Every structure is written in C-alpha cells, then in structure tokens.
Amino acid sequence: MALQMERWAGSKLGEQAHFLMVCVDELPERTARQFVSEYNLKHVQIGYCGSQREYPTFPGQLGCGGLVVFDRDGRIAVAKTSSFNEIGVKAWFQADCTIATLCDEDDEGDDEADVALRLYRDMNSLRRDMNNGYVAALKGRDDVKADSKGKNDRVEVEEKKALGSVPSVGHDLMDSEHEHCAALFQQLDKSPSVNVFEQLVKEIESHFDDEEKLLKSTGFGSGQPEGMSPLITHSQDHRRIVKAAYNMLENVRVKGDDEVIRSNTKELAELFETH
C-alpha cells in the first residue's frame, strides 16, 4: 500500500490531491520511520497516531482494506474504496478512477502516460519495487557490499531467491510450514503434477489456519477498533489467496498440462510470497 501511495503522490495526480498514510500499530512512530526508510518514500505524507485517543473520529480501516477519500471541502466522498486484500491491485485502479474524478481530471482529459506510471499493473511489478526499495535502504551499510560495477549483493540474492521462499519470521512452526510450502512450489516448478498442486493448496490453507490461531493466541490486533485490526485484514488476505488457489486448482485439474501447472504455480507463489 505504501508504494502505491508513493506512486500516486509523485504523479500529476499528486499535484491535485494530498496522499496521507497514518500508522496505527503498537509502535506507530517506528513503523512510520521504517516505511520511509525501507521503501525510500519521498512524496507521500506519512504520520502516526500515538494512541487510540488520537484515532480519527470518522469510521476507517487499514489501507489494505480500503482508502478513505475526501473531497476538496474536507467531506468524506468515499468512506471505503475496494479492498486490496479482496481483489488485489484492481482495487487501486478503482480508487484511482475515484480520485481522478474528484480532481476533475476527466474534464481536462486524463494523461494516459501518467496513469500508466502511477498504477501497479500486477503483483510482479509491486514485488520488484518492494525488493528494490529494501535494497536502496541498505546502501551504505557494512553488511551490504557492492562489487566493482556498483551492483548490490542484495539485488543478486533477491533475483536468485527460490520460488515460494519467504524470510524467517522467528517462529519454528511458521518457518517450518513456510519451508514445506516452498519445497512444494519448487517441486512443481521442476516436475509439474496435478496431485502435488492440490497438496500445495491444502498445505497453504492449513498454514494460514495455524498462523491465525497463533496470532490470536498472542493477542495480535486485539483491542483495536473495527476496521483497524491487523488480524482481520491479515485474515481477509488469507481468504483472498485461498480462494485464488482453489480457482487455480480447478484450472489445473481441467487442463492438466505442464505449462498450465507451472504458470499457476508461479502465480500462486507470487501471492504467497507477497502477502
């Protein structure tokens, strides 16, 4: 969400509308600073609420669950745009149309080139910028070395990352389940199989169930107002991925050839890695 907000803020649309991110988690100031540092944010305005007393008085939700859009008079024009957790980057296309209309861009003729630059078209481009933003934040650190051509070692690591692999989260069960899913992704990429794809889908669904039980047991997202709970939005993201996975499984069962299995495996891996 931060990267899409940055694209909007840095575009021609950002000259007509203000784009604001507000962090509301347990350590909001630290999170806000991490966003700026890790994703090299330069245009979007970012702040935080130090406590729930500072939360807005109007109904809202976390950004991945939908944006709140105000008109030029400060009135709420749209209380909740489509949710990224439910429909992915399509949600940003819909929000873009709403914001552009409020800015009267339709009357002046929208700049197609600017629209193309300010929106993420797919998860691949979003993941690329997530990785590149992280790399940029690491420049100058002792643990990241550049070769004689100036290429960053971290870039090479990201390019060679095994299909379906995700960083350690510091919990043995979660890490083990992540590794098991990654092994199935890589097995499918090498030797496509309908049965293994079905096994992968069920493993992902089971992993998400375990993850949500763990998060609930630790109090993650508890005590947050409706719409502001990271547990709820995270669970919604899980449901979106599981639904997509079963749709892919149906496609694989019907067609069943190696290229279809590989293509769906890579698409599912993108969802799994970036959620």
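A residue is termed buried under 20% relative accessible area, exposed over 50%, and partly exposed in between. The structure described here is a predicted model. By this scale Arg 253, with a relative accessible area of 43%, is partly exposed, because that value falls in the intermediate range. The side chain of Arg 253 meets that of Glu 198 in a salt bridge, with an N to O distance of 3.0 Å. Glu 198 belongs to helix α10 (residues 194–217) and Arg 253 to helix α11 (residues 230–255), so the contact ties together parts of the chain that are 55 residues apart in sequence.

A search of the whole structure finds 8 salt bridges, the pair just described being one of them. Side chains of opposite charge can pair when their charged atoms come close. A further pair is formed by Asp 96 and Arg 118, whose side chains meet at 2.7 Å, N to O. This salt bridge likewise links distant parts of the chain, with Asp 96 in helix α4 (residues 90–102) and Arg 118 in helix α6 (residues 112–118), 22 residues apart. Both Asp 96 and Arg 118 are buried.

Another salt bridge joins Arg 75 to Asp 73, and the closest N and O atoms of this pair are 3.1 Å apart. Arg 75 has a relative accessible area of 51% and Asp 73 one of 56%; each is therefore classed as exposed, the cut-off being over 50%. Together with Asp 71, these two residues are linked in a network of salt bridges.

Nonpolar side chains also appear on the surface. Phe 58, Phe 70 and Ile 76 form a nonpolar patch there, with about 230 Å² of accessible area together. Within this patch, Phe 70 is located in strand β3 (residues 69–70). The relative accessible area of Phe 70 is 37%, so this residue is partly exposed.

Strand pairing was examined next. Strand β1 (residues 20–23) and strand β2 (residues 45–48) run parallel and are joined by 4 bridges. In this arrangement Leu 20 stands opposite Gln 45 in β2. Between the two strands the chain passes through helix α2 (residues 28–38), and the resulting β-α-β crossover is right-handed. The two faces of β1 can be told apart by their cover: Met 21 and Cys 23 make up the covered face, whereas Leu 20 and Val 22 make up the uncovered one.

Cysteine residues were considered last. A disulfide is a covalent bond between the sulfur atoms of two cysteines. A search of the whole structure finds 0 disulfides. Cys 64 is partly exposed, with a relative accessible area of 22%. Cys 181, in contrast, counts as buried because its relative accessibility is 1%, under the 20% limit.

Notes
Residues are numbered from 1 along each chain as its sequence is written. This is a predicted model: local features need pLDDT of at least 70, side-chain atom pairs count only at pLDDT 80 or more; totals for chains, interfaces and linings use all residues. Side-chain values use heavy atoms; hydrogens and water are left out. Patches are made of residues with over 30% relative accessible area and no salt bridge: like charges are joined within 9 Å, nonpolar side chains (Val, Leu, Ile, Met, Phe, Trp, Tyr) within 5 Å. Accessible areas come from the Shrake-Rupley method with a 1.4 Å probe; for residues, only the protein chains shown count as cover. A salt bridge is a side-chain nitrogen of Lys or Arg within 4 Å of a carboxyl oxygen of Asp or Glu. Buried means under 20% relative accessible area, exposed over 50%, partly exposed in between (1.4 Å probe, protein chains only). A disulfide is a pair of cysteine sulfur atoms within 2.5 Å. Two strands pair if DSSP finds at least two bridges between them. A crossover is right-handed if, with the strands pointing away from the viewer, the path from the first strand over the helix to the second runs clockwise.
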